[in-house]
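Dear colleague,

I am passing on the structure we spoke about, together with an account of what was found in it. Please have it open beside this message as you read.

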Amino acid sequence: MDENHPDGFLRHPREPIGKRDPHERIGDYREIYAPSWQDEHLQRQGERCMDCGVPTCMGGCPIGNLIPEWNDLVVRGRWREALARLHATNNFPEFTGYTCPAPCEPACTLAYNADAVTIKSLERAIVDRGWEMGWIRPESPAQRTGKRVAVVGSGPAGLACAQQLNRAGHTVTVFERDEALGGLMTLGIPDFKFAKHQVERRLDQLRGEGIEFRTGVEIGPAMSLAQLRERFDAVCLAIGAQQHRDVTVPGRELGGIHFGMPYLTAENRRQAGRDGLAIDAHGKRVVVLGGGDTGADCVATAHRQGALDVAQISVREQPPMTRPADNPWPWQPRTYEQTYALEEGGRALFALNVTAFVDDDGDGAVDALVTERVKWTLDSQGRRVDKTVLEENIRMAADLVLIAIGFRGAQAQAFVDQGLTLADNGALATDETMMTDLEGVFASGDARRGASLVVWAIGEGRDVARHIDTYLTGASRLPPSLQTLTPPTDD
C-alpha cells in the first residue's frame with residue numbers, strides 16, 4: 001500500500017455506496033442503489049484497506065479477487081489498472097458488484113473488531129467507471145484452435161465459461177432455452193436490483209469477441225445431447241438448478257399459490273415488454289415463504305405491484321444480532337440483517353412452519369394459511385432434524401402465497417435419460433475435472449454444485465473452461481478460480 005494512507009481505517013468510517021430512499025424507490029423499477037458516487041468518497045474507502053500480510057478477504061471470495069491490489073489502485077486514482085486487476089479474476093464484476101452478498105467483507109481483517117472495508121462498493125465503482133470511460137471492449141483471440149464447444153445455458157456460469165474458452169481460441173456457441181439471454185440475471189433478478197442493460201452490454205461484448213448465441217433452443221426436446229456431441233468437440237452444461245423445493249401440506253393445490261421464481265420471471269418479462277403479467281399482487285395480502293434472496297426479491301416485487309400487505313415467513317429462528325460463539329471471524333456471520341425489501345415495508349416472521357393452506361369461501365383459491373411456532377433441533381451441520389411445537393393453529397390471511405424456499409437440483413431429466421447421473425443433492429455428477437459420465441460433456445455452476453451465489457457461478461464457469469481447454473489441447477493457460485469446500489446456498 002502507499003505510505004500516505006497506512007492509517008486510513010482509523011481516519012475514515014465505513015461508508016458504502018448508498019441506496020435510494022425506500023419511499024422513493026418503491027414507486028418504480030429503477031435500480032435501488034444510489035445512481036452516482038464521488039471519486040474522493042471511494043478513494044477514502046480504499047484507504048481503509050490495511051493491505052494485510054494474509055488478505056483474508058481474498059480467502060472469503062470464491063474467485064480469489066485481488067482485493068487489496070485494486071483497493072490501492074483506486075486510492076492512487078489508477079482506475080483503468082484497477083479494472084484490469086478486477087477482470088483478471090472476474091469476467092463480470094458488475095454481476096457481483098450489484099448482486100453478490102459479498103462474503104469477502106465479513107472475512108476482511110477489519111471485520112474482526114470493526115467495520116469491514118467497502119469491498120463491494122469499490123468493485124462496483126471500478127466497473128462502473130470502466131463502462132463510463134469505454135474501457136470495456138471485445139477482446140478477440142489472436143488465432144483460433146479449430147475446436148468447437150457448445151455451452152448450454154447463458155447464466156453467469158455459462159457466459160464465463162464461454163468467454164474464457166473463446167479467449168483461448170476455441171469457437172463457442174451458447175444455447176439458451178428461453179427467449180432472452182442471461183439466465184436468472186435477466187429473468188430471475190428484478191430490474192430494480194440489477195438493470196438489464198448491464199447484461200446486454202456484456203452480451204454485446206461477447207458477441208464482439210466472436211461468441212455465437214442461439215435462443216429458444218432447449219437441449220433435449222429441440223436438439224439432443226447426442227446431436228451436440230456429434231457437432232462439437234466438447235459440451236458444457238450450465239443449466240442452473242431450478243427444481244423448486246415445495247411445501248407438501250393440505251391445500252397446496254389451491255389457486256393463488258405459486259413458486260417465487262416464476263413470479264419474478266413473469267414480472268421481468270412484463271417489464272421488458274415481452275409478455276403479459278401472469279401473477280399480480282395488486283391489492284392482495286401476500287405471504288412469502290422463505291427467508292433468502294429469492295424471498296426478498298418477491299417481497300420487493302409485491303411492494304411495487306401494489307400489494308395490500310406483505311409478510312415474509314422463515315421456518316428458521318431469527319438470527320442473533322451479534323455473532324454466536326460457534327461462528328467466529330472470518331466465517332460468514334450467522335447474524336440478522338434487514339434486507340433491502342424489508343426496508344421498504346412488510347413484516348418478517350420467524351420460526352413458523354406451515355401446516356395447511358385454507359380455502360374459506362369454497363372458490364378454489366387460498367384465503368389463509370395455518371402455521372405452528374416451532375423450535376428446531378439441529379445436527380452438527382446446522383440441519384433441522386427435529387422440532388418442538390410451541391404454538392399451534394396460527395392463522396394468517398393470504399390471497400397470494402409465494403414459495404421461495406430454495407431449489408433441490410437441476411432440471412436435468414432429459415440429460416439423465418441420455419446417460420448422465422445425478423448426485424445426492426440433485427446436481428449433475430462430475431469427476432475432478434468437472435466432466436460428467438459422458439466423454440467430453442462437462443457441467444458447471446448451480447447445475448453441478450447446487451443453488452448458490454452468482455460469484456460461485458462465475459468461478460465455476462472459469463474453472464470448467466480451464467478443464468475443457470485442457471481436455472481439448474492437453475494443457476491450459478487459462479487461470480483457475482479460488483475454490484473452497486462449502487459454498488453458501490440459498491435458504
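A residue is called exposed when its relative accessible area is over 50%, buried when that area is under 20%, and partly exposed in between. Asparagine 393, with a relative accessible area of 62%, is therefore exposed. Please bear in mind throughout that this is a predicted model.

Asparagine 393 also deserves a look for its backbone, since its phi is positive, at about 55°, although the residue is not a glycine. Asparagine 393 belongs to strand β11, which covers residues 384-397. Aspartate 51 likewise has a positive phi without being a glycine, the value being near 50°. Aspartate 51 sits in the loop that runs between α3 (39-47) and α4 (56-59), and because its relative accessible area is 36%, it counts as partly exposed.

Turning to the chain as a whole, the protein has 19 helices and 13 strands. The globule rule gives 23 Å for 491 residues, and the radius of gyration of the chain is 23 Å, close to that value, so the chain is as compact as a globular protein of that length. Taken along the principal axes, the box filled by the C-alpha atoms is roughly 70 × 60 × 45 Å. Of the 491 residues, 53% are buried, and the accessible surface comes to about 21400 Å², with 48% of it belonging to carbon and sulfur atoms. When contacts between residues at least 6 apart in sequence are considered, 69% of them join residues at least 24 apart. As for charge, the chain carries 53 positive and 69 negative charges, and the mean positions of the two sets are 3 Å apart.

The helix I would look at is α15, which spans residues 293-305. Its 13 residues should span 18 Å at 1.5 Å a residue, and because the C-alpha atoms at its ends are 18 Å apart, the expected and computed lengths agree. Is this helix mostly covered or mostly uncovered? It is mostly covered, with 12 of its 13 residues buried; among them are Asp297, Cys298, His303 and Arg304. In general, an α-helix has 3.6 residues a turn, so residues three or four places apart point the same way. In α15, the partners against which the buried residues pack include the helices α2 (22-25), α14 (260-271) and α16 (340-343), and also the strands β6 (285-289), β7 (309-313) and β12 (400-403). Just after the helix, glycine 306 takes a positive phi of about 90°.

The loop between β7 and α16 holds two further residues that you may wish to find. Proline 330 lies in this loop, and the peptide bond that joins tryptophan 329 to proline 330 is cis, with omega at about 10°. Glutamine 318 has its place in the loop between β7 and α16 as well, and because its relative accessible area is 42%, it is partly exposed. Leaving aside residues up to four places away in sequence, glutamine 318 touches Tyr336 and Phe350. Its C-alpha atom and that of isoleucine 468, which is 150 residues apart from it along the chain, are separated by 43 Å.

With best regards

Key
Residues numbered from 1 in each chain as written. Predicted model: local features only at pLDDT ≥ 70, side-chain atom pairs only at ≥ 80, totals over all residues. Heavy atoms only, no water. Helix = DSSP H or I, 4+ residues; strand = E, 2+ residues; numbered from the N terminus. Rg over C-alpha atoms; globule rule 2.2 N^0.38 Å. Buried < 20%, exposed > 50% of the residue type's maximum accessible area, 1.4 Å probe, protein only. Contact = heavy atoms within 4.5 Å. Areas by Shrake-Rupley, 256 points an atom, 1.4 Å probe, with all protein chains shown as cover. Lys, Arg positive; Asp, Glu negative; His and termini not counted. Charge placed at Lys NZ, Arg CZ, Asp CG, Glu CD. Expected span 1.5 Å × (residues − 1).
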